[in-house]
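User: Please take a close look at one stretch of this model and walk me through it. I am a first-year student, so explain the terms as you go.

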Amino acid sequence: MDHSTHHTAAGHGHVSWAMATKATLHCLTGCAIGEILGMVIGTALLWGNVPTMILAIALAFVFGYSFTLFAVMRAGLSLRTAIKVALAADTVSIAVMELVDNAIIALTPGAMDAHLSDGLFWSALLGGFAVAFAVTTPVNKWMIGRGKGHAVAHAHH
């Protein structure tokens with residue numbers, strides 16, 4: 001699909017599952033980097049579960065937004081405009097991703113107390129990402145079809 005067709009499809013009506021999947025993978029990448037980094041930092045500093053999760057969630061948003069921010073700034077937007085685009089493009093997607101992922105981790109018996117070297121930690125985290133991806137993809141498809149979410153960022157690059 002050429003770039004002009006991509007923008008038209010992203011903002012009006014039909015949105016492919018491939019487009020929604022790509023947007024969700026973009027979100028998942030930033031969330032995963034931030035969340036894993038937060039877990040590693042919190043664990044290394046011997047923090048408890050709550051401060052570690054707060055740091056992990058905050059970093060998931062930072063990394064999630066930064067991917068969009070840098071992409072639209074490369075396209076020529078000012079920092080101020082790029083921040084607005086990133087917030088509009090990614091907030092709902094990241095929030096859904098983080099809500100689902102962290103709920104899975106919190107509801108997995110023993111996962112909150114598992115250490116980085118435990119298989120339970122990684123299986124709960126990766127399982128949470130998989131479920132979050134499955135839940136967030138249809139949300140992104142719906143939003144892109146209405147010219148919201150990731151469609152906002154695509155209008156600028």
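Analyst: Here is a walk along one helix, its cysteines, the loop after it and the helix pair beyond.

This is a predicted model, where local features need pLDDT of at least 70, side-chain atom pairs count only at pLDDT 80 or more, and totals for chains, interfaces and linings use all residues. Residues are numbered from 1 along each chain as its sequence is written, and side-chain values use heavy atoms, with hydrogens and water left out.

Start with the setting. The protein chain has six helices and zero strands. Helices (H or I, at least four residues) and strands (E, at least two) are DSSP runs, numbered from the N terminus. Of the chain's 157 residues, 41% count as buried. Buried means under 20% relative accessible area, exposed means over 50%, and partly exposed lies in between (1.4 Å probe, protein chains only).

Now helix α2. It covers residues 17–44, 28 residues in total. From first C-alpha to last it reaches 39 Å, close to the 40 Å expected at 1.5 Å a residue. The expected span is 1.5 Å times one less than the number of residues.

Next, look at Cys27 and Cys31. Cys27 is buried, at 3% relative accessible area. Cys31 is buried too, at 0%. Are they bonded or unbonded? The sulfur of Cys27 has its closest cysteine sulfur in Cys31, 3.9 Å away, and that is too far for a bond. A disulfide is a pair of cysteine sulfur atoms within 2.5 Å. The structure holds zero disulfides.

Move past the end of α2. Leu46 follows the helix, and its phi is positive, near 60 degrees. Most residues other than glycine have a negative phi. Leu46 sits in the loop between α2 and α3. At 76% relative accessibility, Leu46 is exposed.

The loop leads to α3. Two packed helices are described by the angle between their axes and the distance between the axes. Helix α3 (residues 49–74) packs against helix α4 (residues 79–107) at about 140 degrees, with the axes 8 Å apart. Axes are lines fitted to C-alpha atoms, for helices over the stretch in contact, and angles run from 0 to 180 degrees between N-to-C directions. α3 and α4 are therefore oblique to each other. Angles under 35 degrees count as roughly parallel, over 145 as roughly antiparallel, 65 to 115 as roughly perpendicular, and the rest as oblique.
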